[in-house]
Amino acid sequence: MLQRLPKQGGVGTAAASKCPVSTIIWILAAWVLLFQVYTTLYPPPTALTHPKNRVRSIIRYTEYEEPEFNRLPLPPNRNGKKRRPDYIEEFWSSSHKRQIYFPNKSSAIDPLTNNEDDRFYFHPGREWHDSQGRPIQAHGGGILYIPETRTFYWYGENKDGRTYHISKHSTARVDVIGINCYSSTDLWLWKNEGIVLKADERNVSSDLHVSKVVERPKVIYNDKTRKYVMWMHIDNANYSKASVGVAVSLKPEGPFKYLGSAQPHGFDSRDMTVFKDGDGTAYIIYSSEGNSELHVTVLAEDYLGFRNIMSRVLVHGYREAPAVFKHRGLYYMITSGCTGWAPNTALVHSAESMLGSWQLMGNPCVGGNEELRDTTFFSQGTFVLPLPGIPDMFIFMADRWNPYDLRDSRYVWLPLTMDGPADEPLEDVFEFPLWSRVSIHWYQKWKLPQDWDKVQI
Ligand SMILES: *[C@@H]1O[C@H](CO)[C@@H](O)[C@H](O)[C@H]1NC(C)=O
Ligand SMILES: *[C@@H]1O[C@H](CO)[C@@H](O)[C@H](O)[C@H]1NC(C)=O
Ligand SMILES: *[C@@H]1O[C@H](CO)[C@@H](O)[C@H](O)[C@H]1NC(C)=O
């Protein structure tokens with residue numbers, strides 16, 4: 001008996017009969033099937049904590065209001081055919097649509113005239129005034145946070161000039177005025193620090209001459225050189241120069257000294273951004289090869305040049321306006337399509353390394369209606385700001401360009417959270433997704449959690 005017992009129960013022993021082995025296989029198969037059914041019904045949480053917990057923390061921190069935009073009627077399909085509604089065409093031809101997306105001055109967010117109840121509320125798309133009651137001019141911008149002084153610096157294009165076309169088929173433009181800087185401790189009330197990088201009015205060969213293009217400025221701080229480094233897209237009016245420019249300052253409020261421009265490793269570069277990683281490594285990410293792909297290039301240690309490391313990503317993707325952020329050790333990049341000033345659908349990609357490979361995750365926009373979700377809330381992304389002290393919460397910053405009057409382009413800031421599984425199947429990864437869904441939530445009116453800026457970091 002003692003000798004036989006282990007043989008009966010053992011797997012793979014010579015004495016084991018066919019019957020117990022097939023039973024075990026059937027039991028295993030049943031378990032796999034049950035597990036499949038279970039995971040279909042209850043998809044696994046994709047980040048390290050359960051999404052429910054995170055949602056709860058977001059609700060605790062954030063106050064929202066019902067968006068009336070949700071009730072906007074969808075444009076009718078013509079001839080009853082199923083076709084993608086042409087929101088942009090309709091926008092150009094309908095003053096009603098323009099009034100919705102570009103509400104007039106009477107609805108401006110103005111710290112001098114808004115009543116106390118409206119304080120700290122963001123109203124995406126409304127005119128937004130600085131602490132002196134003047135419209136904020138910081139388009140295509142980005143924000144640098146300085147923990148020591150708990151101050152945010154918002155850098156962006158000053159487009160406060162006349163909109164015109166250099167030729168019949170060229171895109172609308174404004175002469176270069178310079179890069180503006182605004183400072184704030186609460187992200188709502190912004191003090192104008194003035195033009196920190198001025199246009200050159202005389203020298204026609206200068207990159208900063210009024211006739212050129214200076215776009216998408218982004219500033220990062222170099223801990224070793226203790227300098228503030230600004231990178232930006234430099235071009236001529238017909239967009240054939242396709243370079244990146246760099247400027248440097250000893251203080252966040254400028255003035256910045258312009259150092260020159262280059263094509264990174266000889267490649268054309270248009271829409272761009274920079275990203276500084278936790279270890280101090282910085283990257284420049286730009287649309288290249290005629291906007292058909294993005295390049296990720298490592299910046300030199302002083303952030304003033306390029307290292308010989310470059311990766312081609314989103315090849316044949318035709319994406320621009322990259323905005324990069326990091327969450328729980330993984331990198332996320334939000335991009336737009338290439339349709340000039342007209343908005344299009346945003347996409348998120350994610351990666352374990354800045355150099356790739358980048359996995360498509362889908363459209364991050366949630367809430368509102370189909371028109372809003374398909375057009376990145378009628379705007380184009382420019383930056384993602386992590387909220388210091390509040391994990392898992394970010395602000396998505398975008399521009400609602402007004403090609404009739406570029407100075408009147410609006411800011412669309414919305415809460416960005418990380419929850420749930422990605423909505424696109426990831427192509428190359430045969431494992432449970434590590435990646436969280438990126439969600440940019442539409443709200444017509446919202447504010448940050450009470451006292452969020454007083455959280456001890
Ligand atoms: C601004 O918009 C509001 C609401 O749409 C409208 O009542 C008002 O007449 C407009 N004001 C101007 C000056 O156009
Ligand atoms: C004009 O700009 C070019 C290019 O930056 C520079 O080489 C040249 O010295 C400048 N000329 C003057 C007069 O400043
Ligand atoms: C673009 O403009 C530059 C001058 O700014 C000119 O030299 C170049 O020939 C133009 N290119 C095209 C394709 O028009």
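**Strands, burial and confidence in a predicted model**

Visitor: Which residue in strand 17 stands opposite Tyr331?

Guide: Strands here are DSSP runs of E with at least two residues, and helices are runs of H or I with at least four residues, numbered from the N terminus. Strand 16 and strand 17 (residues 347-351) run antiparallel and are joined by five bridges, where two strands count as paired if DSSP finds at least two bridges between them. In strand 17, the residue opposite Tyr331 is Ala351.

Visitor: What kind of model is this, and what average pLDDT does the protein chain have?

Guide: Residues are numbered from 1 along each chain as its sequence is written, while chains are lettered from A and ligands numbered from 1 in the order in which they are written. This is a predicted model, in which local features need pLDDT of at least 70 and side-chain atom pairs count only at pLDDT 80 or more, whereas totals for chains, interfaces and linings use all residues. The pLDDT, which is the predictor's confidence in each residue from 0 to 100, is at least 70 for 79% of the residues. The average for the protein chain is 84.

Visitor: Over residues 1-18 and residues 41-83, how many contacts does the model have for each stretch?

Guide: Two residues are in contact if their C-beta atoms, placed from the backbone, lie within 7 Å. For residues 1-18, where pLDDT stays under 50, the model has eight contacts beyond four places in sequence. Where pLDDT is low, the predicted coordinates should not be read in detail. Residues 41-83 also have a pLDDT below 50, and the contacts of this stretch beyond near neighbours in sequence number 62.

Visitor: How many helices and how many strands does the protein chain have, and what percentage of its contacts join residues at least 24 apart?

Guide: The secondary structure of the protein chain comes to six helices and 24 strands. Counting contacts between residues at least 6 apart in sequence, the share that joins residues at least 24 apart is 51%.

Visitor: Is strand 16 largely enclosed or not, and how many of its residues are buried?

Guide: A residue is called buried if 20 or more other C-beta atoms, placed from the backbone, lie within 10 Å of its own, exposed if 12 or fewer do, and partly exposed in between. By that criterion buried residues make up 37% of the 457 residues in the protein chain. Strand 16 (residues 330-337) is largely enclosed by the rest of the structure, because the number of buried residues among its eight is six.

Visitor: Which residue takes a positive phi in the hairpin of strand 15 and strand 16?

Guide: Strand 15 (residues 319-327) pairs with strand 16 in the antiparallel sense over seven bridges, and Lys326 stands opposite Tyr331 in strand 16. Two residues lie between the strands of this hairpin, and the positive phi, near 50 degrees, belongs to Arg328.

Visitor: In the open sheet with the order 3-4-5-6, which strands stand at the edges?

Guide: This sheet of four strands has antiparallel pairing, with seven bridges joining strand 4 (residues 151-158) to strand 5 (residues 178-184). Neighbouring strands are turned by 25 degrees against each other on average, direction ignored, the axes being lines fitted to C-alpha atoms (for helices over the stretch in contact) and angles running from 0 to 180 degrees between N-to-C directions. One side of each edge strand is left without a neighbour in the sheet, because each has a single partner strand, and these edges are strand 3 (139-146) and strand 6 (191-198).

Visitor: Is Gly142 buried or exposed, and how many other C-beta atoms lie within 10 Å?

Guide: Gly142 is found in strand 3 and touches residues including Tyr155, Pro217 and Phe383, not counting those up to four places away in sequence. Its C-alpha atom is separated by 10.0 Å from that of Cys181, 39 residues apart along the chain. Gly142 is buried, and the number of other C-beta atoms within 10 Å is 24.

Visitor: Is Ser240 buried or exposed?

Guide: Ser240 lies in the loop between strand 8 (227-235) and strand 9 (243-249). Because Ser240 has 8 C-beta neighbours inside 10 Å, it counts as exposed.

Visitor: Which residue takes a positive phi in the hairpin of strand 13 and strand 14?

Guide: These strands belong to an open, antiparallel sheet of four strands in the order 11-12-13-14. Five bridges join strand 13 (residues 293-299) to strand 14 (residues 306-313), with Val296 and Ser311 as bridge partners. Six residues lie between the strands of the hairpin, and the positive phi, near 65 degrees, is taken by Tyr303.
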